[in-house]
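Subject: Structure handover

Hello,

Here is the structure I said I would pass on. My notes follow below it.

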Amino acid sequence: MTSIIGVFSLYFSMLFCGACSNDDSAEPAPPPPKVEDTSHISVTVTNKSQSFLFSEISNSVSVGSNASNTTLSISTSEVYQEMDGFGYTLTGGSAYHLYNMGSSKRAELLKELFSTEGTGIGVSYLRISIGASDLDAEPFSYNELPDGEEDLNMEKFSIAEDKKYLIPVLKEILAINPAIKILGSPWSPPTWMKTNKSFKGGELKTSHYNAYGLYFVKYIQAMKAEGITIDAVTIQNEPLHPGNNPSLLMEADAQANFIASSLGPKFQEYGISTKIICYDHNADRPDYPIEVFNNTNANPYVDGSAFHLYGGSIDDLSQVHTAFPDKNIYFTEQWVGAGSDFGDNLMWHVKNLIIGAPRNWSKNVLEWNLAANSALEPHTDGGCDQCLGALTIDGNILKRNVAYYIIAHASKYVRPGSVRVKSNSPSDLPNVAYKAPDESIVVVVMNESDQEKKFNLRIEETNEEYIITLPANSVGTIVNKQKDN
């Protein structure tokens, strides 16, 4: 009996006093709850009211989802076009204003524009004019001659005018970003090649097709000699708008015939690898590039077609892709008018260009133009006198305008070599998504409502889910970096 009582006494002693033991082998206290990490995700915002200007905002991401939120789904397994880049037209006037800044101020600004380090926005694509655009002080070509003279062999060809401002600025840009892509576009051939012998309007004489083809060759060679590679050329800026100064009327059949009979063969003869891009005008005429591609003699020489959006819908670009899916699409120009509203331009341009153009197969997006002064100069007589630059430059005084922020939202993060990937299209969340070369997922998305918006962001392949918060009337760029990067 005594032994039984002793056993029960020992049992109850262990049961009720074990928790009071000072024995080091006792179970440790449970660990604190795990903090959900969102440090690999950033959200950069610009809004209509300008309270955020390309600003990274904190406390905008949490892990999880909410059934009452709209869901933006990303699938990186479905891949579309590879991107060449985002940027501006570096007009002759833009180069002039940059060149005339103090050297240290210019160096600082060019680093901000063309580097991705620090506050740099990483501009990766530029368009320049072959000869003068309407945002030069005066029209010019590289081979103007006295009346009655011709130079079919381009013996008097010279890019001396570009050596004043454009080429020195380009060399400084290339020192920052040697891989930047450069597209050249003519506004007019030399006047002696034209039916009206004027910089404004007229057509290219068929008898001078070979001379003009050689003109392009000489241009590419001359720029190469300066250390500048021309990645691509368009045949004519706005070929259906002969009222600008300078300008040229070039119908689709004429452009196809010029490519087939002269430009393509000349490039082949001289070993020129520069891409040939047709059209370079508004989205309302997809029939123009389709007609060029339908020319079986021109087609093999042409890489793709380029568009502006002063007419038509951005969705019209997909008509060309559907007809010729092997031909690339580019978006090469859209202006911002002086005196127009910052917020309205921000939302329209991002929705139609930054989001809309790539969703309709464009490999790039370019705004017009990089810089002007506060008087919107220079421009030719009859050229654009209301074109607001992405930058306003008065000496060393600098102002960043809406096109600066429009491009920055893509250029800094959607680096060349990024590929567009599948994302759904909720009506209240216009967006486009990419997988970047460093494996980051980049999403440009808009909140068009007057209220702050929370939405779910889901990455299908990894089952990641986040709740993102965007301010009212804003554009956001979300960057989801690989956690081990």
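I start with one threonine. Is Thr191 buried or exposed? Thr191 counts as buried, because its relative accessibility is 11% and the cut-off for buried is under 20%. Please keep in mind that this is a predicted model. Thr191 sits in the loop between strand 7 (181–186) and helix 5 (209–225). Its side chain makes a polar contact with the side chain of Glu144, at 2.6 Å.

Next is an arginine with several partners. Arg127 belongs to strand 6 (residues 125–130). With a relative accessible area of 0%, Arg127 is buried. Which side chains are joined to that of Arg127 by polar contacts? One is the side chain of Ser185, with a contact of 3.1 Å. Another is the side chain of Asn237, with a contact of 2.9 Å. Arg127 is also part of a network of salt bridges, in which it is linked with Asp280 and Glu333.

On to the salt bridges in general. How many salt bridges are there? The count comes to 21. I describe some pairs below.

Glu112 and Arg400 meet through their side chains in a salt bridge of 2.8 Å, N to O. This pair links distant parts of the chain, with the two positions 288 residues apart: Glu112 is in helix 3 (residues 103–114) and Arg400 is in strand 15 (residues 397–400). Glu112 is buried, at a relative accessible area of 13%, whereas Arg400 is partly exposed, at 32%.

Another salt bridge joins Glu448 and Lys351, whose closest N and O atoms are 3.2 Å apart. Why does this pair tie together separate parts of the sequence? Glu448 lies in the loop between strand 18 (441–447) and strand 19 (453–459), while Lys351 lies in helix 9 (residues 342–359), so the parts joined are 97 residues apart in sequence. Glu448 is partly exposed, with a relative accessible area of 33%. Lys351 is partly exposed as well, with a value of 37%.

Asp428 and Lys453 also form a salt bridge between their side chains, at 3.2 Å, N to O. Asp428 is in the loop between strand 16 (419–423) and strand 17 (431–435), and Lys453 is in strand 19, so this pair ties together parts that are 25 residues apart in sequence. Is Lys453 buried or exposed? Lys453 is buried, because its relative accessible area is 16%, under the 20% cut-off. Its partner Asp428 has a relative accessible area of 26% and is partly exposed.

The last item is on the surface. Which residues form a negative surface patch? They are Glu203, Glu251, Asp253 and Glu291. Of these, Asp253 is found in helix 6 (residues 252–269). Asp253 is partly exposed, because its relative accessible area is 43%, which falls between the 20% and 50% cut-offs.

If you want places to begin in the viewer, try Arg127 with Ser185 and Asn237, then the pair Glu112 and Arg400, and then the patch that includes Asp253.

Regards

Note on methods: Residues numbered from 1 in each chain as written. Predicted model: local features only at pLDDT ≥ 70, side-chain atom pairs only at ≥ 80, totals over all residues. Heavy atoms only, no water. Patch = residues over 30% accessible without salt bridge, like charges linked within 9 Å, V, L, I, M, F, W, Y side chains within 5 Å. Areas by Shrake-Rupley, 256 points an atom, 1.4 Å probe, with all protein chains shown as cover. Salt bridge = Lys/Arg side-chain N within 4 Å of Asp/Glu carboxyl O. Lys, Arg positive; Asp, Glu negative; His and termini not counted. Charge placed at Lys NZ, Arg CZ, Asp CG, Glu CD. Helix = DSSP H or I, 4+ residues; strand = E, 2+ residues; numbered from the N terminus. Buried < 20%, exposed > 50% of the residue type's maximum accessible area, 1.4 Å probe, protein only. Polar contact = N/O pair within 3.5 Å; in protein donor to acceptor, adjacent residues only side chain to side chain.
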